[in-house]
Amino acid sequence: LIAQASRRLQRIEARMRELEGLMASLEGAALDKALEEYGEISEQFERLGGYEGDHRVEAVLQGLQVAHIPREQLFRTLSGGEKARVGLALLLLGAPDVLLLDEPTNHLDVDAVEWLEEFLVDLDKAYVVISHDRYFLDRTASRIIEIENGKAVDYRGNYSKYIIERELRREQQMREYENQRSMIAK
């Protein structure tokens, strides 16, 4: 699976090199078309991490402790934990606009969790994490959205700040409720 992702980058890079050679001999509309295609695929190459190449792939595989797995090994032959970590690696390497992570710390040991925390904090893209790991959320979240009784409440800050603000909000709601009951009784 990892080899497939690398082959995709290799195909894109090969097409870029081919277009570079062609553009030297093209003119007019043909050159414009080649330049347009080159722009599109070079953007795709960059988005997929092609310029960072093997270094980025190796860093993610090392961080999630799956670098020892041969890249040609079939996904179905991996253990459950290896599948989860390889899947997470592919997700991180896929360069999505928004990264959606559901319980990403499952199947990770302490070192891999710490690496993932650093990776997410340094990430320059949006990510959404669903997790019961409050320590992980404390170190990676800058915004918490609590969904309760069909309503979403937005909190700015990490998990610890969320806990404090949620308690303050509930105390305020209780005071308002008591004031309302008192007014009704009068």
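Which side chain meets that of Glu146 in a salt bridge? The partner is Arg170, with an N to O distance of 3.5 Å. The points below concern a predicted model.

1. The Glu146–Arg170 pair. Glu146 belongs to strand 3 (residues 143-148) and Arg170 to helix 7 (residues 159-185), so this salt bridge ties together parts that are 24 residues apart in sequence. The two ends differ in burial class: Glu146 is buried, with a relative accessible area of 9%, while Arg170 is partly exposed at 29%.

2. A pair within one helix. Arg17 and Glu20 also form a salt bridge between their side chains, at 2.6 Å from N to O. Both sit in helix 1 (residues 2-23), and because they are three residues apart, about one helical turn separates them. Arg17 is partly exposed, with a relative accessibility of 39%. Glu20 is likewise partly exposed, at 33%.

3. Asp154 and Arg156. A further salt bridge joins these residues, and their closest N and O atoms are 3.7 Å apart. Since the cut-off is 4 Å, this distance satisfies the rule. Asp154 is partly exposed, with a relative accessible area of 38%, whereas Arg156 is exposed at 51%; exposed here means over 50%.

4. Network and total. Glu146, Glu148, Arg166, Arg169 and Arg170 are joined into one network by salt bridges that share partners. The count of salt bridges comes to 14. In general, side chains of opposite charge can pair when their charged atoms come close.

5. The parallel strands. Strand 1 (98-102) runs parallel to strand 2 (residues 126-130), and five bridges join the two. Asp102 stands opposite Ile130 of strand 2. Together with helix 5, strands 1 and 2 make a β-α-β unit, and this unit is right-handed.

6. Positive phi at His107. The loop between strand 1 and helix 5 (110-122) contains His107. Phi of His107 is near 70 degrees, a positive value in a residue other than glycine. His107 is exposed, with a relative accessible area of 52%.

7. Positive phi at Gln65. Gln65, another residue that is not glycine, has a positive phi near 60 degrees. Gln65 lies in the loop that runs between helix 3 (53-63) and helix 4 (80-93). Its relative accessible area is 29%, so Gln65 counts as partly exposed.

Definitions and conventions
Residues numbered from 1 in each chain as written. Predicted model: local features only at pLDDT ≥ 70, side-chain atom pairs only at ≥ 80, totals over all residues. Heavy atoms only, no water. Helix = DSSP H or I, 4+ residues; strand = E, 2+ residues; numbered from the N terminus. Buried < 20%, exposed > 50% of the residue type's maximum accessible area, 1.4 Å probe, protein only. Pairing = 2+ DSSP bridges. Right-handed = clockwise from strand over helix to strand, strands pointing away.
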